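Open the model in your viewer and switch to a cartoon display. The tour below goes from one selection to the next.

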Amino acid sequence: MSDRRTHTIVLAPPAARVAAGGSTAFEVSRFTEALLFIDVTAVSGASPTLELEAQNGPAADEAVFVHTRSAQITSIGKTLMKLANFGPWLRLVWSVDGEEASFTFEAKLTLKT
């Protein structure tokens with residue numbers, strides 16, 4: 001039996017967000033797969049939408065290649081994104097759209113060897 005190791009990183013702490021943003025790029029080369037947990041706890045505004053992208057790159061300042069996009073989020077709930085075959089650096093970016101739209105959410109990444 002192999003001894004798989006995990007490591008969890010908070011990419012976006014719980015907070016209300018009204019605009020585009022992103023996390024710091026994290027070095028993840030020793031891991032082979034990951035689960036991205038997104039927990040939306042509040043939504044307001046007219047026609048609010050939240051979209052998230054896991055981005056990769058060969059270096060911290062080059063982590064701008066789209067790896068995986070979430071489906072458009074429009075309401076409170078939990079979303080899981082499965083990631084595999086990613087490069088050495090990973091970050092999360094998000095965009096909030098809609099009239100006076102606001103999303104309160106957090107995002108955690110659990111990496112696995």
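How many bridges join strand 4 to strand 7? Keep in mind that this is a predicted model. Select strand 4, residues 33-57, and then strand 7, residues 89-112. The two run antiparallel, and 21 bridges join them. For one place along this pairing, pick Val-43, which stands opposite Phe-103 in strand 7.

Keep strand 7 selected and add strand 1, residues 6-17. Strand 1 and strand 7 pair in the antiparallel sense, over 9 bridges. Here, zoom in on Ala-12: across from Ala-12, in strand 7, is Ala-107.

Next come two further partners of strand 7. Select strand 2, residues 21-22, which pairs with strand 7 over 2 bridges, again in the antiparallel sense. Gly-21 stands opposite Trp-94 of strand 7. Then select strand 3, residues 26-27; strand 3 and strand 7 run antiparallel and are joined by 2 bridges. In this pairing, Glu-27 has Trp-89 of strand 7 opposite.

Now return to strand 4 and select Asp-39, which lies in that strand. Show side chains as sticks. Which side chain does the side chain of Asp-39 join in a polar contact of 3.2 Å? The partner is Lys-78. To see the wider surroundings, leave aside the neighbours of Asp-39 within four places in sequence: Asp-39 is then in contact with Gly-77, Lys-78, Thr-104, Phe-105 and Glu-106.

With the sticks still on, look along a strand. In a regular strand the side chains alternate between the two faces of the sheet.

Technical notes
Residues numbered from 1 in each chain as written. Predicted model: local features only at pLDDT ≥ 70, side-chain atom pairs only at ≥ 80, totals over all residues. Heavy atoms only, no water. Helix = DSSP H or I, 4+ residues; strand = E, 2+ residues; numbered from the N terminus. Polar contact = N/O pair within 3.5 Å; in protein donor to acceptor, adjacent residues only side chain to side chain. Contact = heavy atoms within 4.5 Å. Pairing = 2+ DSSP bridges.
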